[in-house]
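Colleague: I am new to reading structures, and I would like a close look at a single part of this one rather than a quick tour of everything. Please choose one stretch, stay with it, and explain each term when you first need it.

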Amino acid sequence: MAHRATVHEVAAYAKVSAQTVSRVVNGLPRVAPRTRERVLKAVKALDYEPNSLARGLVTRRTHAIGVVVYDISNPYYGQMVRGMEDAAFSRGYDLIIGNSDADHRKDLSYLRVFRRRAVDGILASVADPSRDRLEAWTQASCPVVFLDQYFGGDEASYVTVNNREAARRAVEHLLDIGHRRIGVVTASSTASVSVKERFAGYRDALKARGVEHDPALTARSERQTEEGGFHATGRLLRGGARPTALFCNNDAMAIGAMRAIYEAGLDIPGDISVVGFDDVPIAALLRVPLTTVAQPIRRMGAAAVELLTQRIEGAPPRPPRQVVLDAHLVVRHSTAPPRRRVIARARTTGRK
């Protein structure tokens, strides 16, 4: 094992005290510029790495950030965490990552882990962002920033996109190309604010064009995953209320919906057009590339880190702040005008 330089060896090399070395490596004041420069040269020459635990005792910071997301294997969260990691690394912070699997009990378990690890702050895309759970997070003894799935109101800091407006524009695209029987594949009615905002944007677009919302065209799933979208769409198609287009709450559900459409012997977009929300990398690589709302996923992760570190390093503590980024529609091959025979068939199957 290679020898690791000690603080005393750095002090001897720089001809200063160990306390002065500690002040320099921890970024503390009251060190003369020439002395600081001499210490930094010694640190570089000896390849000295400060002990993070000892450093934390001096600065009262661990330079660690706790992160909890649904599932990092989901490309959406993988992209988001990559944006977090790049921003955190550039600021000298490490990430401790946990997957909640959409289980609020795991959310709270990771919250306890982060407390024990004395992280400087937490980034959370929580599984159950209901108002009655907000208190557990806001009493975490360190700053918390929510993203993607977040709590409404201004009591907490969060990063999100213009969900309602972006969803409205996506459904308007379907209306513009001739669709009227537009279904929606979404999460449960008790899901997060962002889910509710996207559903509201779907309703806004229909109402603005004088299209009555048909509850039979709403398919819900407890899980916002590919399997969730597959089963929800399968139930919708078996129910006989055939839509000519589907707006899906996220790309994972949209990919599941596409699989259900294919297994029903139907064509995309010939029989049913499909729109997603996220624009994960695979969306453009599908057999029929997916029309979707593009979120700036990596930028969301980076913005959340920036917001969190501002709160960590702020003196006095900064109040909660909300950041809303723009999302935009990317039109690909999964949407097209409905065929006349499809319109006629949809009217027939939807008749009571």
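Modeller: What follows is a walk along one stretch of the chain, starting from a pair of helices.

This is a predicted model, in which local features need pLDDT of at least 70 and side-chain atom pairs count only at pLDDT 80 or more, while totals for chains, interfaces and linings use all residues. Residues are numbered from 1 along each chain as its sequence is written, and side-chain values use heavy atoms, with hydrogens and water left out.

For orientation, the protein chain has 13 helices and twelve strands, where helices (H or I, at least four residues) and strands (E, at least two) are DSSP runs numbered from the N terminus. Of its 352 residues, 51% count as buried; buried means under 20% relative accessible area, exposed over 50%, and partly exposed in between, with a 1.4 Å probe and protein chains only.

Now to the pair itself. Two packed helices are described by the angle between their axes and by the distance between those axes. Here helix α10 (residues 226-238) packs on helix α11 (residues 251-263) at an angle of about 45°, and the axes are 6 Å apart; the axes are lines fitted to C-alpha atoms over the stretch in contact, and angles run from 0 to 180 degrees between N-to-C directions. That angle makes α10 oblique to α11, since angles under 35 degrees count as roughly parallel, over 145 as roughly antiparallel, 65 to 115 as roughly perpendicular and the rest as oblique. The crossing of α10 past α11 is right-handed, the term for a near helix turned clockwise from the far one by less than a right angle, with anticlockwise giving left-handed. On the α10 side the contact (heavy atoms within 4.5 Å) includes E226, E227, F230 and L237, and on the α11 side it includes M253, I255, R259 and E263. Sorted by class, this contact has eight nonpolar, five polar and four charged residues, with Ala, Val, Leu, Ile, Met, Phe, Trp, Tyr, Cys and Pro counted as nonpolar, Asp, Glu, Lys and Arg as charged, and the others, Gly among them, as polar.

Two residues of that contact are also paired with each other. The side chains of E263 and R259 form a salt bridge at 4.0 Å, N to O, the term meaning a side-chain nitrogen of Lys or Arg within 4 Å of a carboxyl oxygen of Asp or Glu. E263 and R259 are four residues apart in helix α11, so about one helical turn separates them. E263 counts as exposed at 58% relative accessibility, whereas R259 is partly exposed at 26%.

We can now look just before and just after α11. N249 sits in the loop between β8 (245-248) and α11, and it is buried, at 2% relative accessibility. Apart from neighbours within four places in sequence, the contacts of N249 include V185, R198, Q224 and F277. On the other side, P269 lies in the loop between α11 and β9, and the peptide bond leading into it from I268 is cis, with omega near 5°.

Following the chain onward brings us to strand β9, which contains D278. D278 is not a glycine, yet it has a positive phi of about 150°, and it counts as buried at 5% relative accessibility. D278 is among the residues in contact with V293, as are F277 and D279. V293 belongs to strand β10 and is buried, with a relative accessible area of 0%. Although V293 and F277 are 16 residues apart in sequence, their C-alpha atoms are 4.5 Å apart in space.

A salt bridge also joins D279 and R332, at 3.0 Å from N to O. This pair links distant parts of the chain, 53 residues apart, with D279 in the loop between β9 (273-278) and β10 (291-294) and R332 in the loop between β12 (328-330) and α13 (340-350). D279 is partly exposed, at a relative accessible area of 22%. Returning to the helices where we began, salt bridges that share partners join E226, E227, R259 and E263 into one network, and the whole structure holds 14 salt bridges.
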